[in-house]
Amino acid sequence: MADPESPWRRFRDLGLSSGQRALLETWRTLDLRRLWRVLLHSLLVGALAGLAACVFFAALEWAQRLFLGAVARVDMPAPGGETSGLADPAADGPIAWLVVAVPTLGGLLVGLIVHFLVPEAKGPGGDAVIDAFHNKGGLVRKRVPLLKGIASLLTLGTGGSAGREGPTMQLSAGIGSTLAQALGLGPRERRMLMVAGAAAGMGAIFRTPLGAALLAVEVLYRDDFESDAIIPAVLASVTSYSIFTTVFGVGHLFTTADFYPFIPAALPLYAVMALGLSLFGAVFVRMRHLSEDRLFGPLAVPGWVKPAIGGALLGMLALVVPQALGTGYGWVQGAISTHEWVPVAWDGVWMLLGLAAVKMIATSLSVGSGGSGGDFGPSLVIGGLCGGGFGLLFHLVAPDLVPDPGAFALVGMGAFVGGIGHVPVSSLIIVCEMTGSYDLLVPLMLAEGITFVLLRRVAIYRRQVRSRLDSPAHRDEVTVDILESICVQDVFEKGAQLSEVQARAPLREVLRVLSGSRYPAVLVRDAEGRLVGEISLDAIQGALLEEGLEGVLLAADVMGKLPRLAPSDDLHTALHHFLVSGATVLPVVDPELHGQPIVGVLTQVQVTQAYDDAIERRLVGAGPTD
């Protein structure tokens, strides 16, 4: 049989440098089968999610043209600034009773789907994905992607004030989970493909492949990120983005200026805006959750009726402020580009801030009542409108420092989302990808840092956990990681010794020695003086269950195996030895010294205490829990 090492030996004999040999050895030890499997699965998830995003986006455009345009005669501005072309509005504008009836009907249909077919489709979708990752092993029911897509089309197509990213995230995450189940993959790989699917959907629908990949791994935690899923998320996101842009073209969600100059003297103004955004963020999150918990939750009506009530209230609000309908991307485009409908005066400041408040109310009605739509998109809009209002204010006060107030709108989008979603890195990258440049990187970093710190106790995503330490998905991994990070030499009692007996000593002698020992165990030596075993108190108690054996049994009859620990061993190795031997205390020997003398002892209590102390340090380092 051929020696599998022989090709590598021939390579090593070619006179390679030590660095080249090390690289070759690293390549040899790679698990190529697993690497290719991750690669292929991620590409497949990305392709399926990209196609699903294309279908969802096209269907959403059609639904908006049908319900908002042809039926209700509502004209909505598109993100690029031009009219959306939903329909040619009637000469006398929207039809009032249809403006109320359309979102009410949409809410009713969504309520029926959610209540009777797929409860997971209720609400924004992001929390459902996060919960499935942490608590359900990445399992998503096979019916969820399709029905979530339909429910979201009805909510958004009929004017619901929600985002399309949440539904796309849940739909695509469901595709990743369903594929993993079809391939018979385990929980870990299933979770990875679910995250990859979420990244793929977001990357396509927002045309932000890198930001979406980072968002999918960052949104799961408040203070951490899912490092294992970064590569699958990036591969899937790039694949879906490529498919989506092949169908709908390359571009950016918003039209922005060609260049935003960096003016260091304007940084304090960005900091002031971040303070204001933090206040708006806290109010919005509170409003969203109160709407769900206090307004619609206690309503004494069937659950399937609540989204219809939310739709009706939204329609009534839209009769007064039409901007309440829809995603609002077209309106935030006005804040970015300062269109003619935004007065470059104090009236414009109050208009943009007022529209932000209206979108808060509208989103709370649509999503809080159980409509199927995301929180991320409305958060971008609210942050952009608030930022645009602050930018216009600063432009009026100091035009030399703020030549383009649209820069504040873009920074406001990232800072607002990063703060309330606890996703500062990914939201920063998403805004840069939306603008197609990194001109605003420095003010984004400043504003993101401020909102992230000030909104530590505010979270739009309720299912987020603080870190991997708190996730049921990683509980066992974290335990092993902590134990492997602590060495025996950091814990064991140096210089302590266990009492000893001879292998042929009677059990009565063992009991006598054990009774005078500090530890519930004694070591056993053979006639040549070699350590051959250990006797624990538990072993003796078992032997004494049979009457009269104490006078017959010898130490060699009841001793167990004697694992030996070195000071350099980690506590995970020590715990394994404890479990295999059944001992409660083990000697620690120094393998560097002649004869490997015993230099101390380690007890199970010491291992447990070290683990508890490490957990406590991590919890304190992670900061407050709420």
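What follows is a short chat about core packing and aromatic contacts in this predicted model.

Biologist: Which residues touch the most other members in the largest nonpolar core?

Modeller: F206, Y270 and F376 do. That core holds 118 residues.

Biologist: Which helix gives the most to this core?

Modeller: Helix α16, residues 406–421. It gives 10 residues.

Biologist: Back to F376. What does F376 touch, leaving out residues up to four places away in sequence?

Modeller: E165, M202, F206, L215, V417, I430 and Y461.

Biologist: And the second, separate core, how many residues is that?

Modeller: That one has 19 residues. Among them are I486, F492, L565 and V588.

Biologist: Switching to rings. How many aromatic pairs does the structure hold?

Modeller: The structure holds 10. One of them is formed by F57 and F248.

Biologist: What's the geometry of F57 and F248?

Modeller: Edge-to-face. The centres are 4.9 Å apart, with 75 degrees between the planes.

Biologist: Where do F57 and F248 sit in the chain?

Modeller: In distant parts. F57 is in helix α3, residues 32–71. F248 is in helix α10, residues 230–248. The two are 191 residues apart.

Biologist: Is F57 buried or exposed?

Modeller: F57 counts as buried, because its relative accessibility is 14% and the cut-off is under 20%.

Biologist: And why does F248 count as partly exposed?

Modeller: Its relative accessible area is 31%. Partly exposed is the range between the buried limit of 20% and the exposed limit of 50%, so F248 falls there.

Biologist: Next pair, F254 and Y329. What are the numbers?

Modeller: 5.9 Å centre to centre and 90 degrees between the planes. That pair is edge-to-face.

Biologist: How many residues apart are F254 and Y329?

Modeller: 75. F254 is in the loop between α10 and α11, while Y329 is in helix α13, residues 329–337.

Biologist: Buried or exposed, starting with F254?

Modeller: F254 counts as buried, at 3% relative accessibility. Y329 counts as buried too, at 2%.

Biologist: Which residues do ring pairs link into a cluster?

Modeller: F206, F254, Y329 and F376. Two of these came up earlier: F206 and F376 are among the residues that touch the most other members of the largest core.

Biologist: Now charges. Which ring does the charged end of R191 sit over?

Modeller: The ring of F133, at 5.7 Å from its centre.

Biologist: And R456, what does it lie over?

Modeller: The face of F452. The distance to the ring centre is 4.6 Å.

Methods: Residues numbered from 1 in each chain as written. Predicted model: local features only at pLDDT ≥ 70, side-chain atom pairs only at ≥ 80, totals over all residues. Heavy atoms only, no water. Core = buried A, V, L, I, M, F, W, Y, C linked by side-chain atoms within 4.5 Å. Buried < 20%, exposed > 50% of the residue type's maximum accessible area, 1.4 Å probe, protein only. Helix = DSSP H or I, 4+ residues; strand = E, 2+ residues; numbered from the N terminus. Contact = heavy atoms within 4.5 Å. Phe/Tyr/Trp six-rings, centres within 6.5 Å; stacked < 30°, edge-to-face > 60°. Lys NZ or Arg CZ within 6 Å of the ring centre and 35° of its normal.
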